[in-house]
Amino acid sequence: MATKATSAEGSLDTGAEGVRRRDYLKVAAVSFAGVGGVVALAPLFVQMAPSADVLAMATTEVDISKIQAGQGIKAQWRKQPVFIRNLTPKEIAEADAVPLSSLRDPQTLAERTKPGKKNWLITLGVCTHLGCVPLGIGEGENRGPFGGYFCPCHGSEYDTAARIRQGPAPKNLFVPDYEFTSPTTVLIGGKGKK
Amino acid sequence: MSFSWAKPYEPKHPLMRWLDERLPLPRVVYGAIGGGYPVPRNLNYFWNFGVLAGIFLTIQIVTGIVLAMHYFATTAGAFNSVNGLIMRDVNAGWLLRYAHMNGASFFFIVTYIHIFRGLYYGSYKAPRELVWMLGLVIYLLMMATAFMGYVLPWGQMSYWGAQVITGFFSAFPVVGEPIRIWLLGGYAPDEAALTRFFSLHYLLPFIIAAVVILHIWALHIPGSGNPTGVDVKDERDTLPFHPFYTAKDGWFAGAVLLAYALVVYFAPNYLGHADNYIPANPLATPAEIVPEWYFWPFYAILRSFTFDFILPAKLWGVLAMFASILLLFFLPWIDKSPVRSGSYRPVFKRFFWLLVIDVLILGWAGGGAPTPFRNAVGQISAAYYFLHFLVILPLVSSFETPLPLPKSITDSVLHGEEAEAAPAGPKPRRKKTATAVVE
């Protein structure tokens, strides 16, 4: 550095010592300003993330006492639909009969429900393809050929464990964090609570 | 700016002379779109669409600023401020809103014709590569602006369009979902997403206007192209922009604005989707989600991947859709033929029209519910789109024998006139060179 500066600019500047001092000041000042500039950009970046009022609605408590076997309800959590379905023994048997190797996103029904509560299937009602709300939770809606959910947007078909079976969606319907606060109430987003 | 014979600005009024010495803005305007910009004399009507795009950008900015004065960017108020307040109560609000809504469609129509003009006449080739690339930047900005504008009325299509389009980002592994949440400011489109889309929808048109200035600046260095693709050789090949092309652009703008007025007054919702008159409902997806017509070809490419192949189908779809536009940035180097104009490239010309048909079919495939037949047609035409740019174009440009080019623009123009003057019967004496000299 020193020799280069001397040979290149020695004739113009006061000497090797002066050039090095100036280089040092330049690099220090520009780095300092650069770091400061990046820090100043941080608020512009983080303001885009979900705000406190959005995060404050991160849990929802749902009463499930009225849901008969074979029925389901649509609740709302973080402004997204949540499907809560009380599976019939036949639907549970159907889900358990599927070999895991045939699944795109292999998971058993037991992994997707709470221990001893295998009939309560709680998933987001958001298709993992591009975010449409699948049909099948309401009475009389098209449940698709696998008896679970059917997304009308691009034809993704889910089975009775809300696992993807056919169509463009890459994943099973997402199972949110939840816990049974009593035998008839569910707190969705329990772990999301701060 | 471009040619030595370009007339310099000579202010006549003392005030203008005073101004010119201090801030030569009138000089810049005169050299850009006045008598000081020499333009090839043989431009056909396809060269009117750049100016038209500028006119529609202006219409969008003006009507948009006024609409923003009456619009509420809240999830509770947006739908009613557009469909109640603006459409019913604000004086002339319905007209401004319909003008803005259809202005976007017309902006895209003229821009698509402008882009295909460039594709046919090789406007992307040296020395105008940057003009082409800046144009593509404008097009990408237009797409972002149009998408965010469509979200603002907060109807069903607005909401689910926002959901699906931001869902593209979640296709990327690991970082995708956090990016989507960051872009939306929540887990689904809501207040935060609506207000930031409004802010950006107001900002982007001015960025577009700035890039338009760069686009025109870069164009005026080599000067406008022309239908023969032959370079301008001397002063006889050009006419001053004003009054010749201001007049031609002016009357043609009148004709297109008449068509625009007919749509605004008599079929204002023809190009829209009825579901957007239903307020947004985060719990129910409309039976059929389709974007606005100008995105249909890209939507078809997005949907054309239905099975996983190494990467998930969803990621392929998103990558292909982005690639279909990014590809065009490399066009100046993909098409190596030294001949610019498609009129002198017999093989290229045929493939160009096949591409036009292919894009129209893609539009059809992307504009309706995904039946197996429509998907199959979409897949074939999406594959052909990439085949055209990645295989056909490089092959054609290396194997094709182009037709002989005219010696000059003037030569081609005068030859054309002579042929038109005597379409049948005995030809008059051929005095092509003589006329050219007189001219």
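1. Two residues count as in contact if their C-beta atoms, placed from the backbone, lie within 7 Å. Keep in mind that this is a predicted model, where local features need pLDDT of at least 70, side-chain atom pairs count only at pLDDT 80 or more, and totals for chains, interfaces and linings use all residues. Residues are numbered from 1 along each chain as its sequence is written, and chains are lettered from A in the order in which they are written.

2. Have a look at helix α15 (residues 372-399) of chain B; helices here are DSSP runs (H or I, at least four residues), numbered from the N terminus. Buried residues (20 or more other C-beta atoms within 10 Å of their own) in α15(B) are G378(B), S381(B), A382(B), Y385(B), L393(B) and V396(B). They pack against α11 (296-303), α12 (313-326), α13 (331-334) and α14 (346-366) of chain B.

3. α15(B) also has a bend of about 45° at H388(B), taken as the angle between axes fitted to the seven residues ending there and the seven starting there.

4. On to the largest nonpolar core, meaning buried Ala, Val, Leu, Ile, Met, Phe, Trp, Tyr and Cys joined through C-beta atoms within 7 Å. This core holds 95 residues, and C132(A), F107(B), V110(B) and I301(B) have the most contacts inside it. Its biggest contributor is helix α5 (residues 93-120) of chain B, with 9 residues. Leaving out residues up to four places away in sequence, V110(B) touches F49(B), L52(B), A53(B) and F56(B).

5. Between the chains, 22 residues of chain A are in contact with 25 of chain B. On the chain B side, α7(B) gives the largest share, 4 residues.

How values were computed
Buried ≥ 20, exposed ≤ 12 C-beta atoms within 10 Å, placed from the backbone. Helix = DSSP H or I, 4+ residues; strand = E, 2+ residues; numbered from the N terminus.
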